[in-house]
Amino acid sequence: MPPPAEPDPAARARLGDADRDRYAETLGRHYVDGRLDADELGRRVETLYRATFGDEADALVADLGAPPAAPPAPTGWRRRRGRHGEAEQARAGWRPTPERFVDPTTGRIMRVWVDPADGARQYIAEGV
């Protein structure tokens, strides 16, 4: 039996930045919902930002099922525009990035998340 034919690259949809952001947000929602741990989220986000085609991104979320519904934003919560800081956990809608760093004051590994509503960067400790 011959091996399955490779898909025609010309027929594959290329990913754009907005596509990657949507997939990253979906992965982030699964992380917040507990379907992924920090290490697996990191692996998938890094793979996502190296992906070229949509089917590569589809494979990163295929085993997770439908993304969890985003809860409503908390009332009375405000953030100062243009600021960033550490948060306990990601909020619905935040997108994980492949960026990580070691917090020089605590030595913890922090992942950078972005709130697409205002572009604010948030830092969340991994493996806590």
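User: By its relative accessibility, does Asp115 count as buried or exposed?
Analyst: This is a predicted model, in which local features need pLDDT of at least 70, side-chain atom pairs count only at pLDDT 80 or more, and totals for chains, interfaces and linings use all residues. Residues are numbered from 1 along each chain as its sequence is written, and side-chain values use heavy atoms, with hydrogens and water left out. A residue is called buried under 20% relative accessible area, exposed over 50% and partly exposed in between, using a 1.4 Å probe and protein chains only. The relative accessibility of Asp115 is 10%, so this residue counts as buried.

User: Which residue has its backbone nitrogen 2.9 Å from a polar atom of the side chain of Asp115?
Analyst: Helices (H or I, at least four residues) and strands (E, at least two) are DSSP runs numbered from the N terminus, and Asp115 lies in the loop between strand E3 (109-114) and E4. A polar contact is a pair of N or O atoms within 3.5 Å; within protein, one must be able to donate a hydrogen and the other to accept it, and residues adjacent in sequence count only if both atoms are side-chain atoms. The backbone nitrogen lying 2.9 Å from the Asp115 side chain belongs to Ala117.

User: Do E3 and E4 pair in the parallel or antiparallel sense?
Analyst: Two strands pair if DSSP finds at least two bridges between them, and E3 and E4 have five. They form a hairpin with six residues between them, and Gly119 in its turn has a positive phi of about 80°. Arg111 has Ile124 in E4 as its bridge partner, and the sense of the E3 and E4 pairing is antiparallel.

User: In E4, which residue stands opposite Glu86?
Analyst: E4 also pairs with strand E1 (residues 85-86), over two bridges and in the parallel sense. Opposite Glu86 in E4 stands Tyr123.

User: How many of the five residues of E4 are buried?
Analyst: Gln122, which is found in this strand of residues 121-125, is buried, with a relative accessible area of 7%. E4 is largely enclosed by the rest of the structure because the number of its five residues that are buried is four.

User: How far apart are the C-alpha atoms of Gln122 and Trp94?
Analyst: Trp94 is among the residues that touch the most other members of the largest nonpolar core, which has 18 residues. Such a core is a set of buried Ala, Val, Leu, Ile, Met, Phe, Trp, Tyr and Cys residues joined through side-chain atoms within 4.5 Å. Although Gln122 and Trp94 are 28 residues apart along the chain, their C-alpha atoms are separated by 8.8 Å.

User: Against which elements do the buried residues of H2 pack?
Analyst: Helix H2 (38-50) is one of the elements that give two or more residues to the largest nonpolar core, and its buried residues include Leu41, Val45 and Leu48. Leaving aside neighbours within four places in sequence, Leu41 is in contact, meaning heavy atoms within 4.5 Å, with residues including Leu27, Pro96 and Trp113. The buried residues of H2 pack against H1, H3, strand E2 (95-102) and E3.

User: How far apart are the end C-alpha atoms of H2?
Analyst: At the N-terminal end of H2, Asp37 acts as a cap, with a side-chain oxygen 3.2 Å from the backbone nitrogen of Asp39. The expected span of a helix is 1.5 Å times one less than its number of residues. The 13 residues of H2 should therefore span 18 Å, which agrees with the separation of its end C-alpha atoms, 18 Å.
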